[in-house]
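Got the model open in your viewer? Follow along, and at each stop I'll say what to select and what is there.

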Amino acid sequence: MKLLFTSDTHVFPGHLTRILKAAAELRPQLLVLGGDLIPDWRRTIRDTIPSHRAWVREKLLPTIERFHRSFPDTRIFLDLGNDDLAAAAPLLEARHGIDFELLHMRIAEAAPRLALAGYMAVNPTPFLIKDREKPDCRDWTGLDVMGVRREGVETVSGVERRTVLDPASGTIEDDLDRLSEELLSPRWSTHDFLFVSHCPPRSTALDLTSMHTHVGSIAVRRFIERWSATGRLRASFHGHIHESPSMSGRMIQSFGTAPAFNVGQESEVLQALLLNTDHPAETARPVTVDRSGIPTVGLNASGGGT
C-alpha cells in the first residue's frame, strides 16, 4: 500500500494545496498530514481563535472535500498539532469519518492486518500556547528544562483561558500506555501498525533544533522502542521540529527494523515522504513539491536529509 506523508504544512499557506496536488499525481492509498496545519496566525491568541476557525472552515474543509470527491480511493488522515488552536477542533470533529479521519488517540484499520495509530500532543515547550502540550513522563516531566514554560493558555473551551501544566493531570506516557493497551486488545492484537506522532522521539536525528539541542519526547521514544521490539511497529512518522533533518543530515532514524521519519518543513518547497507500507525502510523516498505542485520523488530517504 502506497503512503504519502507530510507534516507542519503551516510553514507556508500554499502547502495544503501542494500536498493534495502531489497526492493527485502520485495516487497514494493513504495520505497522512501529521499536525500543525493552520498557517493563519494573528498578533494575539485571542485574535487567532477566529482566524484559525475561519481557515479550517473556509480553506481546509472545502479543499479536502473537493479532493475526496475527485480521489475517493485515497484515505486522508490528519489532525491538529500543538501550533493549531484547539478552538478549531470541533469543526474537524464534525467531518471525521466523512472526508478524512482524525489521528489523535485513535486507531484505524489501514489495510487487512495493518492499523494506523495516532498521537498529537507534544512535551513541554517554551511557547505560550498549551493546546496539545503535556508533561512527558511520570519519571521525567520535562517541566524543569531551562526555557520551558509551565504556564500558558489553552483554547479547548473556545476561548483563551490560563492554564498550568500539571503531571497529576496526566502525561504523554499515560496516554501512550492507554494506546498500548488498545493495541494489545483482541480488536488489534493481530495487526501490525504505523504510528503517527506529531512529536518526534528524543535524542535522535528527528528532534535536533537549530541550537543543537534534542527536544523530542522520551515517552514517544519509549513507545517506539517497546513496539519495534515486538515486530508489530512497521514505521513511525513525526514532525514538530522543522529544522531537524537539515541539522542532523537525516530524515530517518531506525529502531530495530522499524524506521522513524521526520521530513522537516522549512521553506516554500514542500517536503514529504512516499513509501510502501509493506516495506517502509526499503521503499521510503523523499518528495519535494514546488509552487507548480508537481512532485519530485528522490532516490531514497536512508542517507541525507531533505
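Start by selecting Cys 199: its sulfur is 10 Å from the closest cysteine sulfur, in Cys 137, which is too far for a bond. Cys 199 is also buried, at 0% relative accessibility (buried means under 20% relative accessible area, exposed over 50%, and partly exposed in between, with a 1.4 Å probe and protein chains only). Hop over to Cys 137, and you find a residue that counts as buried too, at 0% relative accessibility. How many disulfides does a search of the whole structure find? Zero, where a disulfide is a pair of cysteine sulfur atoms within 2.5 Å.

A quick word on what you're looking at: this is a predicted model, with local features needing pLDDT of at least 70 and side-chain atom pairs counting only at pLDDT 80 or more, while totals for chains, interfaces and linings use all residues. Residues are numbered from 1 along each chain as its sequence is written, and side-chain values use heavy atoms, leaving out hydrogens and water.

Next, select residues 233-238, which make up strand E10. (Helices, H or I of at least four residues, and strands, E of at least two, are DSSP runs numbered from the N terminus.) Six of the six residues of E10 are buried, so the strand is largely enclosed by the rest of the structure. Now add residues 192-197, strand E9, which pairs with E10 in the parallel sense over four bridges; two strands pair if DSSP finds at least two bridges between them. Look for Phe 193, which stands opposite Leu 233 in E10. To get from E9 to E10, trace the chain through helix H5 (residues 218-230); this β-α-β crossover is right-handed, meaning that with the strands pointing away from the viewer, the path from the first strand over the helix to the second runs clockwise.

E10 has another partner to show: strand E12 (residues 258-262), also parallel, over three bridges. Here His 238 stands opposite Asn 262.

While you're around E9 and H5, pick out His 212 in the loop between them. Is His 212 buried or exposed? It is exposed, with a relative accessible area of 59%. Its phi is near 65°, a positive value in a residue other than glycine.

Now jump to helix H1, residues 15-26. Its twelve residues reach 16 Å from the first C-alpha to the last, close to the 16 Å expected at 1.5 Å a residue (the expected span is 1.5 Å times one less than the number of residues). Show the side chains of its buried residues, among them Leu 16, Ile 19, Leu 20 and Ala 23. The buried residues of H1 pack against several elements, including strand E1 (2-6), helix H2 (45-70) and strand E13 (270-276).

Zoom in on Leu 26 of H1, which is buried at 14% relative accessibility. Leaving aside neighbours within four places in sequence, Leu 26 is in contact with Lys 2, Leu 4, Leu 274, Val 287, Pro 295 and Val 297, contact meaning heavy atoms within 4.5 Å. The C-alpha atoms of Leu 26 and Ile 294 are separated by 9.7 Å, with these positions 268 residues apart along the chain.

One step on, H1 is followed by Arg 27, in the loop between H1 and E2. Arg 27 is not a glycine, yet has a positive phi of about 55°.

Last stop: Thr 9, in the loop between E1 and H1. Thr 9 counts as buried at 4% relative accessibility. Residues up to four places away in sequence aside, Thr 9 touches His 15, Gly 35, Asp 36, Leu 37 and Leu 270.
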